[in-house]
Amino acid sequence: MKQRFETRAIHTGCEPEPVTGAVVTPIFQTSTFVQESPGKKKEGYAYARTHNPTRTALEKNIASLEDGNYGLAFPSGMAAISTVTQMLNAGDHVISCDDVYSGTFRVFEKVFKRQNLEFDFIDLTKPHSLEKQIKDNTKIIWLESPSNPLLKITDIKSITNIAKNNNILTVIDNTFATPFFQKPLNLGVDIVVHSTTKYLNGHSDIIGGAVVTNDRELYDKIRFIQNAAGSVPGPFDCFLVLRGIKTLAIRMERHQENAMKIAQFLEKHTKVRKVIYPGLKSHPQYELAKRQMSGFGGIISFFIKGGLDASRSFLERVEIFSLAESLGGVESLIEHPAIMTHTSLPKEVKEKLGISDELIRMSVGIENVDDLIDDLEKSL
């Protein structure tokens, strides 16, 4: 019998330690492992860059939550993204959604373009426009849904159908939705990436990443690159992510509950021009979000009236919300994408996407929602 999400989050990969019976997966803080005979490894462990038992437990756990067969843990979300991209050969072409995390945009444009890879950034909320952009050398379609920071929702199934018809891989960053609210592999996606820094860990105390796939060949390719290049997390960070995942389900329920109430509050506020939240009927892809997600997450973006001066004044006044980059922790964070998280985007790209001086992005935590609304009302 297949266990349900909440049970797998606590138990998969985390069987009691066989020597002592410890219920919690130990931190195997070691660089190397004794071999029984030359080349005869105990449980397959020889050197911690290649495998570590704490990391293995995390990889099994995250794979299970995504309904995947194979998982890999990384020292950051960007390390996961970069390692997946390193599967490509010089001359290959990637189509990415236009509203992509600025770190992803930066590594594509400033690092991988120098290695003779091609990138096009288009609005993938309109799947019919995709086929016109496909070239003979297109190898990957890169998705974010919801996207960062404008929370665009992409019809994942439509995109993966087009990709499969053209023998193209699909990769999605599922950080915002988490596997609790969205299962991209079940919608045909080939590779899921995460910044485990965010909701999976949930406590803003580590940097980490992950990759999940159902394809053994893809897994072997990514794992080879990871081991060869050395892009691996330490066991203590893996331990902390495992600890955080145990409460992922109940945290995501509270994140969403709070976010919905705050989005509704903001939508009625006279100082707010527009609110973007997939759970609001005003969101342009609301019906699509309802179909392919089981919940809407804890991220809200909105446009304040009054330009940069109003944005700055508002952000300097908040007290419970912390003015800080990142997202997905138990505490509420708020930030100014144009100046903070997305400053690396060229000015013309920000203008085209609508990342203006009035745009605010908030990661709604799990505090008392009335306190959070009071903080926002006072600051507005």
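Here are some short exercises, each with a worked solution, on the structure above.

The model is predicted, so local features need pLDDT of at least 70 and side-chain atom pairs count only at pLDDT 80 or more, while totals for chains, interfaces and linings use all residues. Residues are numbered from 1 along each chain as its sequence is written, and side-chain values use heavy atoms, leaving out hydrogens and water.

**Exercise 1. The open sheet**

Work out the order of the 7 strands in the open sheet, and find which strands stand at the edges.

Solution. Start with the terms: helices (H or I, at least four residues) and strands (E, at least two) are DSSP runs, numbered from the N terminus. Two strands pair if DSSP finds at least two bridges between them.

Step 1. Reading across the sheet gives S3-S9-S8-S7-S6-S4-S5, with mixed pairing.

Step 2. Strand S3 (70-74) and strand S5 (118-122) each have a single partner strand, so one side of each is left without a neighbour in the sheet.

Step 3. From one strand to the next, the twist averages 20°. Axes here are lines fitted to C-alpha atoms, for helices over the stretch in contact, and angles run from 0 to 180 degrees between N-to-C directions.

Step 4. Take one pair as an example: strand S8 (residues 191-195) and strand S9 (residues 209-213) are antiparallel, with 5 bridges. Within this pair, Ile 191 has Thr 213 in S9 as its bridge partner.

**Exercise 2. Helices on the sheet**

Find which strands helix H3 and helix H4 lie against.

Solution. Contact means heavy atoms within 4.5 Å.

Step 1. Helix H3 (residues 77-85) packs on the sheet and touches S3, strand S6 (138-144), strand S7 (169-173), S8 and S9. The direction of H3 makes about 155° with that of S8.

Step 2. Helix H4 (residues 102-111) lies across strand S4 (93-97), S5 and S6, and runs at about 145° to S5.

Step 3. Now look at the buried residues of H4, where buried means under 20% relative accessible area, exposed over 50%, and partly exposed in between (1.4 Å probe, protein chains only). They are Ser 102, Gly 103, Thr 104, Phe 105, Val 107 and Phe 108. These buried residues pack against H3, S4, S5, S6 and helix H12 (347-353).

**Exercise 3. A covered strand**

Decide whether strand S11 (residues 299-304) is covered or open, and name its antiparallel partners.

Solution. Step 1. Count the buried residues: 6 of the 6 in S11.

Step 2. Check each face. Ile 299, Ser 301 and Phe 303 are buried on one side, and Ile 300, Phe 302 and Ile 304 on the other.

Step 3. Look for partners. Strand S10 (residues 272-276) is antiparallel to S11 over 4 bridges, and Val 272 stands opposite Ile 304. Strand S14 (residues 359-363) also runs antiparallel to S11, joined by 5 bridges; here Phe 303 has Leu 359 as its bridge partner.

**Exercise 4. The buried side of H13**

Show which residues of helix H13 (residues 369-379) are buried, and what covers them.

Solution. Step 1. The buried residues are Val 369, Leu 372, Ile 373, Asp 375, Leu 376 and Ser 379.

Step 2. They span an arc of only 155° around the axis, which puts them on the same side of H13. The arc is that of the directions from the helix axis to the C-beta atoms. An α-helix has 3.6 residues a turn, so residues three or four places apart point the same way.

Step 3. The cover includes helix H9 (248-267), helix H11 (307-317), strand S13 (333-335) and S14.

**Exercise 5. Two residues compared**

Describe the surroundings of Thr 175 and Glu 118.

Solution. A polar contact is a pair of N or O atoms within 3.5 Å; within protein, one must be able to donate a hydrogen and the other to accept it, and residues adjacent in sequence count only if both atoms are side-chain atoms.

Step 1. Thr 175 sits in the loop between S7 and helix H6 (178-181), and is buried at a relative accessible area of 7%.

Step 2. The side chains of Thr 175 and Asp 173 share a polar contact of 2.6 Å. A polar side-chain atom of Thr 175 also lies 2.9 Å from the backbone nitrogen of Ser 195.

Step 3. Glu 118 belongs to strand S5 and is partly exposed, at 31% relative accessibility. The side chain of Glu 118 makes a polar contact of 3.2 Å with that of Lys 135.
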